[in-house]
Amino acid sequence: MENSNNHCLSITPSSLVLLSIIGFITLILIRVLYIIHRSSQPRSASSRQKPLSTLIVLGSGGHTAEMINLLNVLQKNSFTPRYYIAAATDNMSLQKAQVLENSWLNEGGVEEVGSAKFMQIYRSREVGQSYITSVGTTLIALAHALWLMIKIRPHVILCNGPGTCIPLCAIAFIFKILGIRWSYIFYVESIARVRRLSLSALLLYKLRMANQLFVQWPQLKSKYHRAHYVGRLM
């Protein structure tokens, strides 16, 4: 009888490994749920006193124009230093951002020179690129995004549509889970999106990676209840 009881209470190495894996996954899930809950809460007043390093993701064409309109109403000295990131093949967006920063400097809208930096990131997939070859470029883009996020470690990420924001926001979310850096992700959907969210916005919304997602049309608010309707920003 005693031998049979000892046999029942014994734990094999494989069982111990399995229990360890289950415990680890449980802790990760609890951490993710905590992050999702905390991300939905407004920032406290005490956390808004110091300037916040801000990562601004630019996209080609109308995305950059909308972002510049949005930046013009920001309290510039509260969001500094500012890091502008655009795709490696998009030089025009960074040029527009440089013109914007120079205009603020000339008008006295910013307190110090060098409060803005301009960077580029590899695209996961170019227009017309095959899906097979895009696997390799996606891995390169993720590695580059990881390097940039380790280097910048922003308090705030501001984006409005380009797909280049997805790897950056995903890594920022992983950093939250690991306790490396808590970055607030704010996504402003393009005014061109009236009835459905863009793919970038939908991913951030469904995966709850964005702290706040803003839309410019009431139809989107009624369809995506966690979004914040702010009216037309242009």
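Start with the charged pairs: the count of salt bridges in this chain comes to one. Select Arg82 and Glu101, whose side chains meet in that bridge at 2.7 Å, N to O. Since Arg82 belongs to strand β2 and Glu101 to helix α4, the pair ties together parts that are 19 residues apart in sequence. Switch on a surface and look for the two partners. Arg82 counts as buried, at 2% relative accessibility, and Glu101 counts as buried too, at 7%. Keep in mind throughout the tour that this is a predicted model.

**Zoom out to the whole chain**

Now show everything as a cartoon. You should be able to trace eight helices and seven strands. The chain has 234 residues, and buried ones make up 40% of them. Its accessible surface comes to about 13,700 Å², with 62% of that belonging to carbon and sulfur atoms. If you draw contacts between residues with a separation of 6 or more, 70% of them are accounted for by residues 24 or more positions apart.

**Into the core**

Next, select Leu55 and Tyr84. These two have the most contacts inside the largest nonpolar core, a set of 57 residues. Then color helix α6, residues 165-178, which gives the most to this core, with nine residues.

Stay with Tyr84 for a moment. Which residues does Tyr84 touch, not counting those up to four places away in sequence? Select its neighbors and you will find Ile56, Leu58, Leu71, Leu94, Ala97, Leu100, Glu101, Trp104, Ala116, Lys117, Phe118 and Met119. One of these, Glu101, is the salt-bridge partner of Arg82 from your opening view.

**Along helix α3**

Leu71, another residue on the Tyr84 list, takes you to the next stop. Select helix α3, residues 62-71, and pick out its buried residues: Thr64, Glu66, Met67, Ile68, Leu70 and Leu71. What do the buried residues of α3 pack against? Show β1 (54-57), β2 (82-87), α4 (91-107), β4 (156-159) and β5 (184-188), and you have the answer.

**Two cysteines**

Strand β4 ends at residue 159, so move there with the help of the disulfide cut-off: two cysteine sulfur atoms have to lie within 2.5 Å. By that rule the count of disulfides comes to zero. Select Cys159 and Cys169 and place a distance between their sulfur atoms. The sulfur of Cys169 is the nearest cysteine sulfur to that of Cys159, yet it is 4.1 Å away, and Cys159 is in no disulfide. Cys169 is in no disulfide either, and its nearest cysteine sulfur is that of Cys159. Are these two side chains in buried or exposed residues? Cys159 is buried, with a relative accessible area of 0%, and Cys169 is buried with a value of 0% as well.

**Out to the surface**

Finish on the outside. Select Ile11, Leu16, Leu18, Leu19 and Ile22, which make a nonpolar surface patch of about 510 Å². Of these, Leu18 lies in helix α2, residues 13-39.

Follow the chain onward from α2 into the loop that leads to β1, where you will find Gln49. Gln49 is exposed, with a relative accessible area of 67%. As a last step, add Ser78 to the selection. Gln49 and Ser78 are 29 residues apart along the chain, and their C-alpha atoms are separated by 8.2 Å.

Key:
Residues are numbered from 1 along each chain as its sequence is written. This is a predicted model: local features need pLDDT of at least 70, side-chain atom pairs count only at pLDDT 80 or more; totals for chains, interfaces and linings use all residues. Side-chain values use heavy atoms; hydrogens and water are left out. Buried means under 20% relative accessible area, exposed over 50%, partly exposed in between (1.4 Å probe, protein chains only). Patches are made of residues with over 30% relative accessible area and no salt bridge: like charges are joined within 9 Å, nonpolar side chains (Val, Leu, Ile, Met, Phe, Trp, Tyr) within 5 Å. Accessible areas come from the Shrake-Rupley method with a 1.4 Å probe; for residues, only the protein chains shown count as cover. A salt bridge is a side-chain nitrogen of Lys or Arg within 4 Å of a carboxyl oxygen of Asp or Glu. Helices (H or I, at least four residues) and strands (E, at least two) are DSSP runs, numbered from the N terminus. A nonpolar core is a set of buried Ala, Val, Leu, Ile, Met, Phe, Trp, Tyr and Cys residues joined through side-chain atoms within 4.5 Å. Contact means heavy atoms within 4.5 Å.
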